[in-house]
Structures are given as structure tokens and as C-alpha cells.
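Hi,

Here is the structure I said I would pass on. Have a look at it first, and my notes on what turned up follow below.

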Amino acid sequence: ARRQRQMCIRDSPVAMRKYVIIAFAAVCLSGLWPGEVHAQRGLPKQKGIQITAGWVDGFSFVKAGRRANFYGSVAFSRYNRNSTRWLVGLEYLQKDYTYRGEVVPKAQFTGEAGYFVPLAADRGRNVVLSVGFSALTGYESSNWGNKLLHDGARLRDADCFLYGGALTAEVETYLCDKVVFLVSVRERALAGSTVGTFHTQFGFGFKFIIN
């Protein structure tokens with residue numbers, strides 16, 4: 001069956017591509033009709049899984065000396081009345097520092113519980129701007145626990161527990177009823193960290209509606 005399917009694609013690539021494009025467009029455009037969109041998006045008890053990634057304190061993943069400042073997260077969200085939503089997720093954040101040519105990574109592992117409120121949306125809810133506040137707690141590791149550096153110096157920063165919060169502004173753009181493109185700006189404030197209390201994150205990702 002697999003060989004036959006491959007042969008069909010190979011024999012009529014233009015026709016198959018046309019059918020795929022038409023089917024995908026039909027699914028997405030069905031969600032762009034104003035009456036349908038408002039009825040199917042942001043419903044109470046509607047759930048989604050989102051994956052995001054981005055930059056921390058700047059707009060470059062890699063800097064001089066192989067330094068990188070980035071984050072990634074996965075979260076589960078549930079919509080309430082008036083399209084507000086709860087969010088629970090996990091996040092990994094890394095900021096690299098250099099000491100005499102050696103890269104010293106500092107990583108934060110945090111859990112999040114947040115509440116988001118929509119501020120603005122177009123008539124069909126194709127684009128939605130929301131703001132949210134999240135409580136954060138987690139753990140910070142300096143150089144993965146290795147305190148002895150290459151020249152014999154000892155890193156004084158100890159691994160530690162973190163707690164604090166984050167304020168997030170997020171734009172949701174519906175590609176279709178089940179797939180959402182996300183862009184977010186976020187300010188984190190965590191006590192206990194050895195790399196500073198405040199960090200600004202800019203990221204993007206996708207949310208997949210699962211019911």
C-alpha cells in the first residue's frame with residue numbers, strides 16, 4: 001500500500017499538490033468566516049498545548065565566545081468564560097557567561113501557573129491580544145554543578161531555588177481553528193537567582209487546540 005501511495009504521488013504531483021492545498025485552504029477558510037470563528041474559538045473548557053521558544057535579554061541566540069541566551073517552554077492552557085484562560089507549563093532558560101575564554105552556562109528550570117485576560121481582538125477573533133500574570137518557581141544551576149574552572153579558579157555561585165512571577169503580553173494569530181501562531185514579550189522577576197532578578201524574553205511558537 002505504501003508503494004502504491006508513493007507511485008501515485010510521483011505520477012501526478014501537480015494534481016496531488018492541488019488537492020492538498022485546496023483541502024488545507026478549505027479547513028482554514030472555514031474558520032475565517034466571522035460567525036463560525038467567534039463560535040469556535042476561545043470557548044469555555046477548550047484546551048490547547050503550546051510550544052514556544054525565543055531570546056533572553058537580547059535578540060541573538062549566539063554571541064561571541066559561543067555564548068547563547070535562549071529559552072523554550074511547553075504549556076497546557078484551558079479557556080474560561082469571556083475567553084480568559086489558565087495556563088500551566090514548564091520552561092527552560094539558559095544564559096551563558098565567559099571566563100577567560102571558557103563558557104559558563106547558567107540554566108533555570110521553572111514551573112509556571114498563570115492567568116491570561118484578552119485585551120483586544122478583531123471581529124472574527126483571528127488575532128487576539130492578551131496579557132497574563134504567572135507565578136513561577138524552580139531551580140537554577142551554575143555550570144551544571146561543576147564549580148572548578150579550567151584555570152583552577154572556583155565558581156562561587158551556588159545552585160539555588162527560585163521563586164517569583166512573570167508578566168506576559170501575547171498575540172495569538174489563528175491560522176485555522178485548531179492551530180494558533182503565538183508571539184510574546186515577557187518580563188520575569190525571580191528572587192534567589194545569581195544572574196539577576198529581571199529578565200526580558202521575546203519568543204514565538206504554536207498552540208494546538210486539542211478539543
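Let me start in a loop: Asn82 sits between S3 and S4. Keep in mind that this is a predicted model. Asn82 has a positive phi, near 60°, and is not a glycine. With 70% relative accessibility, Asn82 counts as exposed, because the cut-off for that is over 50%. Ser83 is in the loop between S3 and S4 as well, and has a positive phi of about 65° although Ser83 is no glycine either. Is Ser83 buried or exposed? Ser83 is buried, at a relative accessible area of 12%.

Now the overall picture. The protein has three helices and nine strands, and along the sequence they come in the order α-α-α-β-β-β-β-β-β-β-β-β. Of the 211 residues, 38% are buried. If you take the contacts between residues at least 6 apart in sequence, 59% of them join residues at least 24 apart. The accessible surface comes to about 12,100 Å², and carbon and sulfur atoms account for 66% of that.

S9 is a good strand to click through. Its side chains alternate: His199, Gln201, Gly203, Gly205, Lys207 and Ile209 point to one face and are buried, whereas Phe198, Thr200, Phe202, Phe204, Phe206 and Phe208 point to the other face and are not buried. What does S9 pair with? On one count, S1 and S9 run antiparallel and are joined by nine bridges; Gln50 has Lys207 in S9 as its bridge partner. Strand S8 (residues 179-191) also runs antiparallel to S9, with eleven bridges between them, and Val179 stands opposite Phe208 in S9. The hairpin of S8 and S9 has six residues between the strands, and Gly192 there takes a positive phi near 95°.

Some of those S9 residues come back on the surface. Ile49, Ile51, Val74, Phe76, Leu90, Leu175, Phe206, Phe208 and Ile210 form a nonpolar patch, with about 780 Å² of accessible area together. Strands S1 (47-56), S3 (67-79) and S9 (198-209) are the elements that give two or more residues to the patch. Leu90 comes from strand S4 (residues 85-99) and is exposed, with a relative accessible area of 58%.

On to the aromatics, where the count is eight ring pairs. In one of them, the rings of Tyr92 and Phe109 have their centres 5.1 Å apart and their planes at 55°, so the pair is tilted. Tyr92 is in strand S4 and Phe109 in strand S5 (residues 102-121), so this pair ties together parts 17 residues apart in sequence. Phe109 is partly exposed, at 38% relative accessibility. Ring pairs also link Phe70, Tyr92, Phe109 and Trp144 into a cluster.

Last, the charges. Side chains of opposite charge can pair when their charged atoms come close. How many salt bridges does the structure hold? There are seven, and here are three that I looked at:

- Lys95 and Asp57 form a salt bridge, with their closest N and O atoms 3.1 Å apart. The pair links distant parts of the chain, 38 residues apart: Lys95 in strand S4 and Asp57 in the loop between S1 and strand S2 (62-63). Lys95 is buried, at a relative accessible area of 9%, while Asp57 is partly exposed, at 33%.
- Glu170 and Arg85 meet through their side chains, at 2.4 Å from N to O. Glu170 is in strand S7 (residues 160-176) and Arg85 in strand S4, so the salt bridge ties together parts 85 residues apart in sequence. Both Glu170 and Arg85 are buried.
- Arg186 forms a salt bridge with Glu112, the closest N and O atoms being 3.1 Å apart. Here Arg186 is in strand S8 and Glu112 in strand S5, 74 residues apart. Arg186 counts as buried at 7% relative accessibility, and Glu112 is buried too, with a relative accessible area of 11%. Salt bridges with shared partners join Glu91, Glu112, Arg186 and Arg188 into one network.

Cheers

Definitions and conventions:
Residues numbered from 1 in each chain as written. Predicted model: local features only at pLDDT ≥ 70, side-chain atom pairs only at ≥ 80, totals over all residues. Heavy atoms only, no water. Patch = residues over 30% accessible without salt bridge, like charges linked within 9 Å, V, L, I, M, F, W, Y side chains within 5 Å. Areas by Shrake-Rupley, 256 points an atom, 1.4 Å probe, with all protein chains shown as cover. Salt bridge = Lys/Arg side-chain N within 4 Å of Asp/Glu carboxyl O. Helix = DSSP H or I, 4+ residues; strand = E, 2+ residues; numbered from the N terminus. Buried < 20%, exposed > 50% of the residue type's maximum accessible area, 1.4 Å probe, protein only. Contact = heavy atoms within 4.5 Å. Pairing = 2+ DSSP bridges. Phe/Tyr/Trp six-rings, centres within 6.5 Å; stacked < 30°, edge-to-face > 60°.
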